[in-house]
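Biologist: I should like to learn how strands and sheets are read in a structure. Could we begin by looking at the sequence and the model together?

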Amino acid sequence: MIKCIAIDDEFLALEIIENYVSKCPFLELVAAFASPLEALSVLNGTGCDLLLLDINMPQVNGLDFLSAIANPPLAVLTTAYPQFALAGFEADVVDYLVKPFSFERFLKAVQKVQSRLAPVQVSGPEYLFIRSAHRMIRVDLDDILLLEGKKDYVAVHTPAQVIDTLTTLTAFQDKLPGKDFVRVHRSFIVALSKITAIERNIIYIGERKVPIGDLFREELLRRIG
């Protein structure tokens, strides 16, 4: 999950950002503030990954505020003033959104953040131990076809069996090497090497069919080239 903080002196703008964040399963809105100064204590006390920041605010300019933070998180600027774009990119912001911006444009920006935060894995474990009932079952990563999120558990599909484990799909995703697995739906993660075909909104893994969620399509297409 990418933890984010939104700062904007316009209440309506904050409402729109909160709505957009709620549609992205990989984002968590830690807090929203009308004033940058109010956000300082939260920024210093939490593991914030992303700052959604307005520029033209009464108390302090958003760019000045960003430069004053000792260890700033990644930032996406949200502003009605396109003329600040150059200054924003000189401050190494990830993206610059000019109001009013669509959800699709917002999604594109936060996916850039997601790519920047993706860990670079030189090597990793070749297997996982998965708790199922009272057993710990070793599963080779290469055997995993897909993971299906249910109401309160995850079903891990392999060619030989389906293992149910009490966890969430997001928690499981953090354990998997990002180079080998991709989330394609709120309820599904698939192994890239096991995809045999893609047709419209369906992924085929052998005879199994997995739906593609609208929010995940762009990332899937990027990953498969």
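Modeller: The following turns deal with strands, their pairing and their burial. Please keep in mind that this is a predicted model.

Biologist: What holds the strands of a sheet together?

Modeller: Strands of a sheet pair through backbone hydrogen bonds, in a parallel or an antiparallel manner. Here, strand 8 (residues 146-149) pairs with strand 9 in the antiparallel sense, over four bridges. Glu148 is found opposite Ala155 in strand 9. These two strands, 8 and 9, form a hairpin with four residues between them.

Biologist: How many bridges pair strand 9 with strand 10?

Modeller: Strand 9 and strand 10 (residues 162-165) are joined by four bridges, in the antiparallel sense. His157 has Val162 of strand 10 as its bridge partner. Strand 9 and strand 10 also form a hairpin, with four residues between them.

Biologist: Are the faces of strand 9 covered or uncovered?

Modeller: Both faces of strand 9 (residues 154-157) are covered. Val154 and Val156 are buried on one side, and Ala155 and His157 are buried on the other.

Biologist: In what order do strands 13, 14 and 15 lie in their sheet?

Modeller: The order is 13-14-15, in an open sheet with antiparallel pairing. Strand 13 (197-199) and strand 15 (208-211) each have a single partner strand, so one side of each lacks a neighbour in the sheet. From one strand to the next, the twist averages 25°.

Biologist: Which residue of strand 15 stands opposite Ile205?

Modeller: Arg208 of strand 15 stands opposite Ile205. Strand 14 (residues 202-205) and strand 15 run antiparallel and are joined by four bridges.

Conventions. Residues numbered from 1 in each chain as written. Predicted model: local features only at pLDDT ≥ 70, side-chain atom pairs only at ≥ 80, totals over all residues. Heavy atoms only, no water. Pairing = 2+ DSSP bridges. Axes fitted to C-alpha atoms, helices over the stretch in contact; angles between N-to-C directions. Buried < 20%, exposed > 50% of the residue type's maximum accessible area, 1.4 Å probe, protein only.
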